[in-house]
Amino acid sequence: MAGEKTGPTAVVPFRQFVLKVHSRCNLACTYCYIYAGPDHSWRARPPTVPAATMQQTALRIAEHARTHRLREVRIDLHGGEPLLTGPGPLLAQAAAIRAALPAGCTAAFGVQTNGTLLTRDMIDTLAAAGFRLGLSLDGGTPGLNRRRIDHAGRPSWPAVSRAVRLLHDRPEVFAGILCTIDITADPAAVHGSLRALDPPMVDFLLPHANWTSPPPAPLGPAGRTPYGDWLCTVFDLWWDGGPGPRVRVFTEILGLLLGRPSSSEAVGLSPVVALVVDTDGAIEQVDSLKSTYEGAAATGLDVFHHTFDDALAHPGMAARRSGRDGLGDRCRGCALVEVCGGGNYAHRYRADTGGFTNPSVYCADLERLIRHIAARLDATVALN
């Protein structure tokens with residue numbers, strides 16, 4: 001691609017910028033790794049991003065785009081809950097970035113929201129500014145969303161169901177649904193309820209866990225793969241079910257099996273192209289690292305004193321961009337490494353081994369899912 005070096009010292013620039021516009025949330029989801037996890041850095045940060053930080057971030061994005069001759073960047077406005085600010089600061093952030101970008105470079109804007117604050121007027125306003133909106137849900141019924149409650153313990157579903165209906169009427173705005181897996185929920189019920197909402201995309205996310213803080217799974221004999229089994233059930237329903245929403249984790253694995261690069265940090269060996277800018281201007285690695293230990297996502301860099309090329313050189317960023325070389329011996333020698341990629345970086349953490357050069361805590365589950373998808377793909381190809 002234009003502007004990138006090739007060969008052993010190739011530089012792959014950032015193309016996705018996750019910008020925190022609000023560092024608080026109106027929900028208290030029981031499994032939240034930000035507010036109920038080991039990292040409490042959010043407490044010391046301003047609740048909303050100041051205008052000066054917003055402007056400086058826009059200039060840094062433009063600088064990075066100019067340096068690497070990028071033709072498009074992706075801007076995701078996050079929180080906390082980004083809609084706690086109302087649409088005004090989101091529109092201001094988008095306007096500042098668009099005004100700063102060099103000629104020939106465009107920006108695609110998205111907002112990831114819990115949906116509780118969405119109104120028709122807000123959707124219309126954000127849509128007119130070119131935003132797409134993604135929802136975070138655990139399923140398409142109130143029972144499946146029992147873990148998504150507000151600070152008084154009240155269910156979020158009544159407000160979220162309104163948001164789903166509003167977005168269903170605006171398919172050009174609806175980006176899709178992120179769903180964190182709860183293996184105590186019936187996979188068929190979760191898949192069917194989300195499919196009924198008719199989103200363009202669903203992504204099933206493994207709960208952020210690691211070897212030091214294992215995932216919440218029912219006790220059972222060694223060798224069980226509860227998350228892999230859950231995902232295999234959903235895959236079969238999706239594969240055999242005819243037209244429906246794209247399921248990102250499945251299409252990513254299918255693409256990798258067919259030799260295409262990944263575009264997700266959950267699987268594959270493609271370099272990570274995203275960074276985070278928090279409300280105080282701190283440049284950080286992806287939020288999932290906050291599920292491991294206090295300060296795991298920190299780089300010591302900020303938009304006022306450092307460029308995003310400085311962030312490219314940060315050891316933590318480099319470790320997540322080194323592909324096979326960044327994996328431990330067991331992963332490098334695995335037959336599935338090109339597809340699995342070691343799994344999500346945060347899921348490899350183990351405190352007593354000094355870091356992230358372990359297989360994923362979901363290693364067996366990922367192997368179960370990948371081999372199952374490969375077998376279904378192979379059988380389908382054989383029939384044709």
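**Entry 1: cavities**

I began with the make-up of the lining of the largest cavity: by class there are 3 nonpolar, 4 polar and 4 charged residues. I note here that the model is a predicted one. The residues around this cavity are K20, H22, S23, I34, Y35, W42, R45, G79, G80, D278 and K290. Its volume came out at about 60 Å³. My search covered the whole structure and returned 3 cavities of 30 Å³ or more.

Next I turned to the second largest cavity, which holds about 40 Å³ of space. I listed L19, K20, V49, T53, M54, T57, Q93, V277 and D278 as its lining. Two elements give two or more residues to that lining, namely strand 1 (16-20) and helix 1 (51-67). Which element gives the largest share? Helix 1 does, with 3 residues. By class I counted 4 nonpolar, 3 polar and 2 charged residues in the lining of the second largest cavity.

I then compared the two lists. K20 and D278 are in the lining of the largest cavity, and K20 and D278 also turn up in the lining of the second largest one.

**Entry 2: the G79-G80 peptide**

G79 and G80, both in the lining of the largest cavity, made me look at the backbone there. The peptide bond that joins G79 and G80 is cis, with omega at about 25°. I placed G80 in the loop between strand 2 and helix 2.

**Entry 3: helix 1 and the residue after it**

Does the length of helix 1 agree with its residue count, or disagree? At 1.5 Å a residue, its 17 residues should span 24 Å, and the end C-alpha atoms are 24 Å apart, so the two agree.

I wrote down the buried residues of helix 1: T53, M54, Q56, T57, A58, R60, I61, A62, H64 and A65. T53, M54 and T57 were already in my notes from the lining of the second largest cavity. The buried residues of helix 1 pack against strand 1, strand 2 (72-78), helix 2 (87-100), strand 8 (274-277) and helix 8 (308-312).

Just after helix 1 I found R69 with a positive phi of about 55°, and R69 is a residue other than glycine. R69 sits in the loop between helix 1 and strand 2. Is R69 buried or exposed? Its relative accessibility is 61%, so R69 counts as exposed.

**Entry 4: the sheet**

I traced an open sheet of 10 strands with mixed pairing, in the order 7-6-5-4-3-2-1-8-9-10. Strand 7 (246-247) and strand 10 (298-302) are at the edges; each has a single partner strand, so one side of each has no neighbour in the sheet.

Strand 3 took up the rest of this entry. Strand 3 pairs with strand 2 in the parallel sense over 6 bridges, and E72 has T106 of strand 3 as its bridge partner. With strand 4 (residues 131-136), strand 3 (residues 106-113) runs parallel too, joined by 5 bridges. There, T113 has L135 of strand 4 as its bridge partner. How many of the 8 residues of strand 3 are buried? I got 6, and strand 3 is mostly covered.

**Entry 5: P187 and D198**

I looked up P187, which lies in helix 5 (residues 187-196). Its relative accessibility is 12%, so P187 counts as buried. Leaving out residues up to four places away in sequence, P187 touches W230, T233 and V234. I also checked P187 against L231: they are 44 residues apart in sequence and 7.6 Å apart in space, C-alpha to C-alpha.

In the loop between helix 5 and strand 6 I came to D198. Phi of D198 is near 60°, a positive value in a residue other than glycine. At 48% relative accessibility, D198 counts as partly exposed.

**Entry 6: helix 7**

Why is helix 7 (residues 248-257) described as largely enclosed by the rest of the structure? Because 7 of its 10 residues are buried. They are V249, F250, E252, I253, L254, G255 and L256. I found them packing against strand 6 (201-205), helix 6 (226-240), strand 7, helix 11 (337-340) and helix 12 (363-383). Among these partners, strand 7 is one I had already met as an edge strand of the sheet.

My last look was at G259, which comes just after helix 7 and takes a positive phi of about 95°.

Notes:
Residues numbered from 1 in each chain as written. Predicted model: local features only at pLDDT ≥ 70, side-chain atom pairs only at ≥ 80, totals over all residues. Heavy atoms only, no water. 1 Å grid on protein atoms, 1.4 Å probe; cavity = no way out; pocket = protein on both sides within 12 Å on 5 of 7 lines; lining within 4 Å. Points joined across faces, edges and corners; volume = space filled by probe spheres on them. Nonpolar A, V, L, I, M, F, W, Y, C, P; charged D, E, K, R; others polar. Helix = DSSP H or I, 4+ residues; strand = E, 2+ residues; numbered from the N terminus. Expected span 1.5 Å × (residues − 1). Buried < 20%, exposed > 50% of the residue type's maximum accessible area, 1.4 Å probe, protein only. Contact = heavy atoms within 4.5 Å. Pairing = 2+ DSSP bridges.
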